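Reader: I have a structure on screen and little time. Please show me how to read it, one feature after another.

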Amino acid sequence: MTRPHPRPAIHLPLLALASVAGLALLAACGGGGAQKAGQAARTVIQNKGSDTMVNVAQVWAEEYRKAAPDVEVEVSGGGSGVGIAALIKGAVDVANASRDIKPSEAEQATRNTGKAPVGFNVGYDALAVYVHKDNPLDEITLEQLTQVYAEGGQATRWSDLGVKIPGVTDDTIVRVSRQSSSGTYEFFREHALGNKDFRLGSRDLNGSKEVVELVGTTLTAIGYSGMGYATPAVKKLKVAPRAGAVAVAPTIAAVHDKTYPMARSLHVYTLGQPAGAVKKYIDWILSDAGQKVVEESGYVPIPPEQRTKP
Amino acid sequence: MSPEQAPDPAPAPRPQRPRWAVLGEQALEGLIRLSGMSAIVFVAAIFFFVLREAAPILVREEFSLAQFLFSTEWYPTSASNVRYGTLALTVGTLSVTGLAMLLAVPFGLGAAIYLSEFCSPRLRETLKIVIELLSAIPSVVWGFVGLTVMSKLIVRSTGAPVGVNVLNGGIILALISVPVIVSIGEDALKAVPDSYREAGLALGATRWQMVYRVLLPAARNGLLAAVLLGVGRAVGETMAVLMATGHAVHIPGGLLDSVRTLTANIAAELGEAPAGSDHYRVLFLTGTLLFLITFAVNLAADFVVRGIRRR
C-alpha cells in the first residue's frame, strides 16, 4: 500500500520535462497541431520483421533521423513471421514482412489488440536471371531453372537446354549462387525452385554484385541476383512461369503489374490506421526520399503515382 | 644435523646474497614459468570454449556424427531436409593445403638453403627484408590478388571457365606460407654449428654434398617445424581462400574445380547463423574439427621426428 507512493514522485519531474519539451516542440513547429503536448521529447518507433528488409529498414531509420531528429526507429530482424508475431502481441509499432499477412494472423491480431493490421506496400523484391552477354539464350522457364539449379535436376550442360554457346568446347553450366544465409538464396529457392534444395557444387558467392561480375566474366555461367545489379557484360533473361507461357522481361513495369514471376511485394504492417509519429514515418517511407533508399538497396520502388507527396 | 650436507667440519661462511635478491629471482622464475604454462592453458581454454559451443548438438538425436564427418551434403538452411555433412569441405581444405605445400615446401626450403649457405651476406640481408615484407601482406590482399589477377591468368592460360578454384587457392596459399617456411627454415640452418660444415668440407665434400648429407639431417627438426608452421598457416587461412577458391561445396575432380574450405565456410555462414541454433553449433563443431586436423598434423610430425631420431 505504501510502496507505490515514491513512483509518481520520480515521474513528476520527467512528465514536466516531457511536457515542456513537447511545448517547445510545438512552438518550434509553429503550432503544428498534430503533436500532443504530453508526448516525450524523443519518440521511439519499434520496427521488427523480415530479414530481407532489415538492411533497407536500417537505412530508412538512419535517413529518417535526418528528416525527423526527434524520432528514433529501432530496427531488428528475425524474419517476417517473427515481426508479425510481435505485432500480434502489440510489442512493435511497425512490422516488416516480405509476404502478405495470413488471414489467421490478422484475425489473431484483431482478437489480441482490438485493432486490425493495416498493410502498406513499400516496394518490391525482384530477382533477375543473368547470363553472359554472348550467350544466345534469351528466355528461360522456371521448370528449366529447377533442372539447372535444384537437387536432382538433369541439366548440367548448355546443350541440355538446347543452347550452343559460340567458341566454347566444354559447355558445362557454371552455376552461380549465393551463400545459404542470404535472403536472395531463400527467395530464389522458394520462387524458382519450389522450395527444393539447391544442387551442391554451385559457386556460392557473398554478394549480389559478385554474382553479376562472375557471370559477366564467364561465358558458360548462369546466376541470379537483384534486378538492379545488371552490368553491360551480362544479359537479363526473360522468365516464363511454365513451358509455353509468355516469357516476361524483368522490368520495373512487369514487377508492378505482377506479370514477372520472380517478384514479391515488400510490406510494412501497423495495428489499425497509423497515427502520429508512426504515420509520419510510413508517409516518409512512401515518399520519394524513402523510395530512393529502396532503389539504392537493390529493390524495386513503388510506382511514382502511388507515392506520397511531401 | 645432516652429515652428508656438511662433509667439511668447518666450512667457510659463504657470502649470503641479500634476501630481496633471492626473493626477486624466485618471483621472476615463477613469472617465466607462468608464461610458459600459459600457452598450454590458452590452447586448452580455446579448445574448451569452441567445444562448449558445439557440444549441445552432439547429444541431439537428429544429429549424426557419421553424417557430419562422411557426408558431402551440406544443407544447413534447407526448407525440407537439413543436412550437415562436411566431407566436401574437409576435402576442400586438404586439397588446397596439399597443393599449397607441394608448391611452397620445395620453394621455401630451397630459398632457406640459398639464404643460409650460398648467398653473399649483403644480398642475404636484402632478401630477408623483402621476405619479411612479403609475410606482412594481409591475407585479404592476397585474396584480392587471387580474385582479380590470378583468376584472369588462370582463365587465360588453362582455358578453365572460372578462375577461382583449387589451383588459384593453392598458389595464393603457397605464396602466403613461403615466407614463414623461409624465415624459420633459415633460422634452423643457421643454428647448425659451423664445425659441422667445416668437418664436412674438410672431408672433401662439395658444398652441395655438405648441404644435403650434413646440414639437412642436422637441421631436420627445425626444418620440419618450418614446414609445419607453413601447413598451419595454410590450413587456418580464411579470407584469402574464401576469395580465391570459388566457394562451391563439392569434392573437386581436378585442379580447375572450385571448392570450399572449412574455414571459408565458417567465415561465410557464422555471421548469419542465429546464436544457439543447430547451424551455429555445427559451425563450431566444424571449428573443433579444424582444431583436431591441425593437432593431428602436429602430432604426426612429432612422431616422424622421433622416428628419425631413433634410427
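What follows is a short tutorial on this model, in turns.

Reader: What are the ground rules?

Author: This is a predicted model, in which local features need pLDDT of at least 70, side-chain atom pairs count only at pLDDT 80 or more, and totals for chains, interfaces and linings use all residues. Residues are numbered from 1 along each chain as its sequence is written, while chains are lettered from A and ligands numbered from 1 in the order in which they are written.

Reader: How many helices and strands are in each chain?

Author: Start with the term. Helices (H or I, at least four residues) and strands (E, at least two) are DSSP runs, numbered from the N terminus. Chain A has 10 helices and 11 strands. Chain B has 12 helices and 2 strands. Along its sequence, chain B reads α-α-β-β-α-α-α-α-α-α-α-α-α-α.

Reader: What radius of gyration does chain B have, and what would a compact globule have?

Author: The radius is taken over C-alpha atoms, and the globule rule is 2.2 Å times the number of residues to the power 0.38. For 311 residues, a compact globule would come out near 19 Å, but chain B has 26 Å. The C-alpha atoms of chain B fill a box of roughly 90 × 55 × 35 Å along the principal axes.

Reader: What share of each chain is buried?

Author: Count neighbours. A residue is buried if 20 or more other C-beta atoms lie within 10 Å of its own, exposed if 12 or fewer, and partly exposed in between; the C-beta atoms are placed from the backbone. In chain B, 34% of the 311 residues count as buried. In chain A, 40% of the 310 residues do.

Reader: Which residues of a single helix are buried, say H3(A)?

Author: A general point helps. An α-helix has 3.6 residues a turn, so residues three or four places apart point the same way. Now the case. H3(A) spans residues 80–88, and its buried residues are A:Ser80, A:Gly83, A:Ile84, A:Ala86, A:Leu87 and A:Ile88. They pack against strands E1 (43–49), E3 (94–97), E4 (117–132) and E11 (263–271) and helix H4 (103–113) of chain A. After H3(A) comes A:Gly90, with a positive phi near 80 degrees.

Reader: Which residues other than glycine have a positive phi?

Author: Take two examples. A:Lys258 has a phi of about 60 degrees. A:Lys258 sits in the loop between helix H8 (252–256) and E11 of chain A. B:His247 has a phi near 55 degrees. B:His247 is in the loop between helix H10 (239–244) and H11 of chain B.

Reader: Are these two buried or exposed?

Author: A:Lys258 counts as exposed, because it has 12 C-beta neighbours inside 10 Å. B:His247 is buried, because 25 other C-beta atoms lie within 10 Å.

Reader: How do H6(B) and H9(B) pack?

Author: Get the angle first. Axes are lines fitted to C-alpha atoms, for helices over the stretch in contact, and angles run from 0 to 180 degrees between N-to-C directions. H6(B) (residues 166–190) and H9(B) (residues 220–236) pack at about 160 degrees, with axes 8 Å apart. So H6(B) is roughly antiparallel to H9(B) (angles over 145 degrees count as such, under 35 as roughly parallel, 65 to 115 as roughly perpendicular and the rest as oblique).

Reader: Which residues make that contact?

Author: Two residues are in contact if their C-beta atoms, placed from the backbone, lie within 7 Å. H6(B) brings residues including B:Leu173, B:Ile176 and B:Val180. H9(B) brings residues including B:Leu223, B:Ala226 and B:Arg233. By class, the contact has 12 nonpolar, 4 polar and 2 charged residues. Ala, Val, Leu, Ile, Met, Phe, Trp, Tyr, Cys and Pro count as nonpolar, Asp, Glu, Lys and Arg as charged, and the others, Gly among them, as polar.

Reader: Where do the two chains touch?

Author: 21 residues of chain B are in contact with 17 residues of chain A. On the chain B side, strand E1 (74–75) and helix H11 (262–269) each supply at least two residues. That side has 10 nonpolar, 8 polar and 3 charged residues.
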